[in-house]
Amino acid sequence: MAILLGQFEADGITGTRIVVAARYDADQDAEGTADQLCGIAARENVTAVILAVIAGGPGAATALDNMTTLRDRLAAEGVAPLLSLHTAELTEGAMWVNLDTLERGAVPDPTTSAVHAAAVFDGRNVATSRAAIAARYGLAAEADPRIAARAAAEQGDDFARATITEFAAVIRNGEIPSADLAARVGLVAASGPTQRDAFLGLAHYGAAEAHAAMILVANQVRGHARVQTLTITAYFAYIAGTGPEAGIAIDAARASTEEAPEAETRLLDLLDIALQRAMHPDTIAGLTASGIESAQKLGVEFD
């Protein structure tokens, strides 16, 4: 993990800000990662970095070598390494070591930390591992697409408006979308870029709330519909400030294109590039307004 730090000034006060916290797999190509971080460091005037390796067993050696590569590349760009830490796992009682000073200590209970408490109070999901997060993006029982097809045939041009309006109500009320609704949302999202983008406007009712509802839809649909609903899910996660969830949703959408090679992926590509470049969520949040416009053209009304 790399935490890039920079300076900020507000009301005459100078302080330190977290520019980006980036997590990488232990065996990920260090040079590619270094290129990304150096690019971010130059763009955001990063002044310091905290590096941490969380890996045990045979993979720890590779992870530590990669950290050294990152440290050296960032130092060459004028980014001072504040801390270089290693622990086998983030569990209470595990030992950590400062690789610069050889200071050692025991990891406290992560669930009682100030960061964990702040995340919970902010309404965020806290997972113990990346695998636990990724499991949320797996497959549930498939919603019957024939139900959606019949509804589309019966409602005609009003199908998209009615479906998006009903899904918006689910988000506003914090409800769980039914299998019937999930199938219809998937069909609308796969109908074309305009219909897919209309769902982005539902972040108007809360990005985190929209994300929670859309991920349940993505679990229940397949093929082209899954690619598009996962893309929408990634957008909601991104602007809600949950980068790891956005990345996992993007990876899941990419994997789903194997079953739907015809799926349009320009928005997915845009989100992927934005995430890799660590663009601030506010930078892409403007797509919500575009989504509202697309939805209104379909007849959807917003509170």
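**Exercises on a predicted chain**

Contacts (heavy atoms within 4.5 Å) between residues 24 or more positions apart make up 64% of those in the chain with a separation of 6 or more. This is a predicted model, where local features need pLDDT of at least 70, side-chain atom pairs count only at pLDDT 80 or more, and totals for chains, interfaces and linings use all residues. Residues are numbered from 1 along each chain as its sequence is written, and side-chain values use heavy atoms, with hydrogens and water left out.

**Exercise 1.** Find out how many helices and strands the chain has, and judge its compactness.

*Solution.* Start with the DSSP runs, numbered from the N terminus: helices are H or I with at least four residues, and strands are E with at least two. The chain holds 14 helices and six strands. Next, take the radius of gyration over C-alpha atoms and compare it with the globule rule, 2.2 Å times the number of residues to the power 0.38. The value is 22 Å, close to the 19 Å given by the rule for 303 residues, so the chain is as compact as a globular protein of that length.

**Exercise 2.** Look at N45: where does it lie, and is it buried or exposed?

*Solution.* First, locate N45 in the loop between helix 1 (30-44) and strand 3 (46-54). Then check its backbone: phi of N45 is near 55°, a positive value in a residue other than glycine. Finally, apply the cut-offs: buried is under 20% relative accessible area, exposed is over 50%, and partly exposed is in between (1.4 Å probe, protein chains only). N45 has 59% relative accessibility and therefore counts as exposed.
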